[in-house]
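Please take me on a tour of the structure that I have open in my viewer. Tell me what to select at each stop, and explain the terms as they come up.

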Amino acid sequence: MPEIQYHGIDYSKPMLDIARQRLKSHSARVNYVQADLVKDSWWAEISTPVNAIVSTWALHDLGSQENVALVYKTCAQVLPVGGILLNGDFIKPDNAIHEFESGRFEIAKHIEFLLNVGFKSAECLVVLEEEIKSPTSAQNYACFKAIK
Ligand SMILES: C[S@@+](CC[C@H](N)C(=O)[O-])C[C@H]1O[C@@H](n2cnc3c(N)ncnc32)[C@H](O)[C@@H]1O
């Protein structure tokens, strides 16, 4: 998609440096923002209109369900009507007895948060590597799609 501009956000400088290296051939179209998704005004660093927000493998690290809901709320505020949020992340499967970190929770709760913060629709597109009995931390991955 050569026409799109991309803003990459992470609070880790080493991770941003890896992205800079990997995306070197697209550097004219990529803007890097070093910011904490929960504490910083990352949206203020983005000048162009944003039509899509994509997050992978990150929000479960935010430490709580409240922080994930806060980031969902900011995304809903940043996106125009019709804008899309795609979030791929680890979840806690229903009926799991295993203890997960608190940023990792059930699909229904994600959908509830997304609808509560102002998305018109929210759905879980797919669950990958579902394992309830004895999951590793790399299993139980879901992809969410929300439209403003
Ligand atoms: C498993 S890595 C995934 C990186 C990248 N999104 C990917 O899919 O390859 C999780 C990333 O979330 C970032 N992260 C965790 N908590 C964050 C926060 N509060 N604000 C910004 N970035 C955060 C980490 O620095 C790390 O780069």
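How many disulfides does the structure hold? The structure holds zero disulfides, where a disulfide is a pair of cysteine sulfur atoms within 2.5 Å. In general terms, a disulfide is a covalent bond between the sulfur atoms of two cysteines.

Before selecting anything, keep in mind that this is a predicted model, in which local features need pLDDT of at least 70 and side-chain atom pairs count only at pLDDT 80 or more, while totals for chains, interfaces and linings use all residues. Residues are numbered from 1 along each chain as its sequence is written, and side-chain values use heavy atoms, with hydrogens and water left out.

**The whole chain**

Begin with the chain in cartoon view, where you can find three helices and six strands; helices (H or I, at least four residues) and strands (E, at least two) are DSSP runs, numbered from the N terminus. Followed from the N terminus, the elements come in the order β-α-β-β-α-β-α-β-β. The radius of gyration, which is taken over C-alpha atoms, is 16 Å, close to the 15 Å that the globule rule gives for 148 residues, so the chain is as compact as a globular protein of that length. That rule is 2.2 Å times the number of residues to the power 0.38. Along the principal axes, the C-alpha atoms fill a box of roughly 45 × 35 × 30 Å.

Of the 148 residues, 36% count as buried, where buried means under 20% relative accessible area, exposed over 50%, and partly exposed in between (1.4 Å probe, protein chains only). A contact means heavy atoms within 4.5 Å, and among contacts between residues at least 6 apart in sequence, 67% join residues at least 24 apart.

**The cysteines**

Next select Cys75, which is buried at 4% relative accessibility, and then Cys143, which holds the closest cysteine sulfur to that of Cys75, at 15 Å, too far for a bond. Now add Cys124, which counts as partly exposed at 24% relative accessibility. For the sulfur of Cys124 the closest cysteine sulfur is also in Cys143, and the separation of 7.3 Å is too far for a bond.

**A buried histidine**

Move on to His110, which has its place in helix H3 (residues 107–116). Is His110 buried or exposed? With a relative accessible area of 1%, His110 is buried. If you leave aside its neighbours within four places in sequence, the residues in contact with His110 are Val68, Tyr72, Ile91, Phe105 and Phe144, and showing their side chains together lets you look at these surroundings.

**Stops in the loops**

Most residues other than glycine have a negative phi. With that in mind, select Trp57, in the loop between strand S3 (52–56) and helix H2 (65–78), where phi is near 65°, a positive value in a residue other than glycine. Trp57 is exposed, with a relative accessible area of 56%.

Then go to Asn95, in the loop between strand S4 (84–90) and H3, whose phi is near 70°, again a positive value in a residue other than glycine. Asn95 is exposed, and its relative accessible area is 69%.

Finish at Ser25, in the loop between helix H1 (13–22) and strand S2 (30–34), which counts as exposed at 68% relative accessibility. From here, draw a distance to Asn87, which lies 62 residues apart from Ser25 along the chain, and the C-alpha atoms of the two are separated by 25 Å.
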